[in-house]
Amino acid sequence: MVSAENVQLATRIMDGLPLDDLGEAFGDPERIAAMGASLEPLVDPDLEVVAVGPEYTGEGTMHRGLTGYLEFWVDWLEPWESFRIEAEEYLDAGDKVVMLARQVGSTETGGVPVDSLGAAVMTFEDGRVTRIEFHLDRDRAMKAAGLAE
């Protein structure tokens with residue numbers, strides 16, 4: 001598959017999520033099931049989902065498959081009162097695509113506002129995503145995708 005098609009697939013995967021209101025959507029089992037159904041053709045059954053923190057923390061929790069992907073979001077959104085993602089740009093890296101994003105929300109406890117930059121690195125094979133790494137550090141994401149040294 002040509003890499004431009006991977007960018008289209010990455011866009012479809014992210015468009016399959018209600019990025020403007022993730023917290024509310026992942027609190028509704030029917031919406032979670034609908035998201036899963038729309039994403040299933042795009043996701044490899046053995047998908048690896050990894051949350052990657054700052055370099056000093058190493059890789060975080062690993063989830064597997066479409067169910068694991070949806071569980072990742074439920075886990076991630078638990079401490080948030082509101083949370084949305086603004087996709088800024090998709091970068092072609094061959095079999096990988098980097099989505100640069102802004103994360104905006106407020107915490108459940110204390111309503112602390114958060115506005116941060118992050119990135120997702122998606123790896124594709126045979127028209128399906130096989131790995132998604134969610135990075136809090138954009139530079140580390142670019143390195144993981146082979147777009148920076």
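**Close-up 1. Helix α4, checked for length and cover.** In this predicted model, helix α4 takes in residues 65-77. How far apart should the ends of its 13 residues be? At 1.5 Å a residue the helix should span 18 Å, and the end C-alpha atoms sit 19 Å apart, so the expectation and the model agree. Quite a few of its residues are tucked away: Gly65, Leu66, Gly68, Tyr69, Leu70, Phe72, Trp73 and Leu77 are buried.

**Close-up 2. Valine 74, a partly exposed residue of α4.** Stay on helix α4 and look for valine 74. With a relative accessibility of 35%, valine 74 counts as partly exposed, because that class runs between the 20% limit for buried and the 50% limit for exposed. Setting aside residues up to four places away in sequence, valine 74 touches Phe26 and Ile32. Leucine 100 is another matter: valine 74 and leucine 100 are 26 residues apart in sequence, and their C-alpha atoms are 21 Å apart in space.

**Close-up 3. Leucine 17, in the loop between α1 and α2.** Now for the loop that joins α1 (3-15) to α2 (22-25), where leucine 17 has its place. Is leucine 17 buried or exposed? Its relative accessible area is just 5%, so leucine 17 is buried. Who does leucine 17 touch, once neighbours within four places in sequence are left aside? The contacts are Leu22, Phe26, Met35, Leu39, Tyr69 and Trp73. Two of those names may ring a bell, as Tyr69 and Trp73 are among the buried residues of α4. Phe26 is familiar too, being a contact of valine 74. As for isoleucine 32, it comes 15 residues away from leucine 17 along the chain, with 9.3 Å between the two C-alpha atoms.

**Close-up 4. The hairpin of β3 and β4.** Here strand β3 (residues 80-93) and strand β4 (residues 96-107) pair up in the antiparallel sense, over 12 bridges. To pick out one rung, find leucine 91 and its bridge partner in β4, valine 98. The two strands form a hairpin with 2 residues between them. In that turn, glycine 94 has a positive phi of about 75°.

**Close-up 5. From β4 on to β5, with valine 112 on the way.** Strand β4 also pairs with β5, again in the antiparallel sense, this time over 11 bridges. Serine 106 stands opposite proline 113 of β5. This hairpin has 5 residues between its strands, and glycine 110 in the turn shows a positive phi of about 85°. Valine 112 lies in the loop between β4 and β5. Its relative accessible area is 43%, so valine 112 is partly exposed. Not counting residues up to four places away in sequence, valine 112 touches Gly105, Ser106 and Thr107. Tryptophan 80 is 32 residues from valine 112 in sequence, but the C-alpha atoms are 9.3 Å apart in space.

**Close-up 6. The turn between β5 and β6, and aspartate 126.** Strands β5 and β6 are paired in the antiparallel sense over 7 bridges. Glutamate 125 has arginine 128 of β6 as its bridge partner, while alanine 120 is matched with phenylalanine 134. There are 2 residues between the strands of this hairpin. Which residue there has a positive phi although it is not a glycine? That would be aspartate 126, with a phi of about 55°. At 72% relative accessible area, aspartate 126 is exposed. Strand β6 itself is mostly covered, with 7 of its 8 residues buried.

**Close-up 7. β1 alongside β6.** Strand β6 has a partner in β1 as well: 6 bridges join β1 to β6, and the two run parallel. One spot to look for is glutamate 48, which stands opposite arginine 131 of β6.

**Close-up 8. The largest pocket and what lines it.** The largest pocket has a volume of about 200 Å³. Its lining is made up of 17 residues, and the closest to the centre are Gln103, Ala119, Phe134, His135 and Leu136. Which elements chip in at least two lining residues each? They are β1 (43-52), α4, β4, β5 (113-125) and β6 (128-135). By class, the lining comes to 13 nonpolar residues, 4 polar ones and no charged ones.

How values were computed: Residues numbered from 1 in each chain as written. Predicted model: local features only at pLDDT ≥ 70, side-chain atom pairs only at ≥ 80, totals over all residues. Heavy atoms only, no water. Helix = DSSP H or I, 4+ residues; strand = E, 2+ residues; numbered from the N terminus. Expected span 1.5 Å × (residues − 1). Buried < 20%, exposed > 50% of the residue type's maximum accessible area, 1.4 Å probe, protein only. Pairing = 2+ DSSP bridges. 1 Å grid on protein atoms, 1.4 Å probe; cavity = no way out; pocket = protein on both sides within 12 Å on 5 of 7 lines; lining within 4 Å. Points joined across faces, edges and corners; volume = space filled by probe spheres on them. Nonpolar A, V, L, I, M, F, W, Y, C, P; charged D, E, K, R; others polar. Contact = heavy atoms within 4.5 Å.
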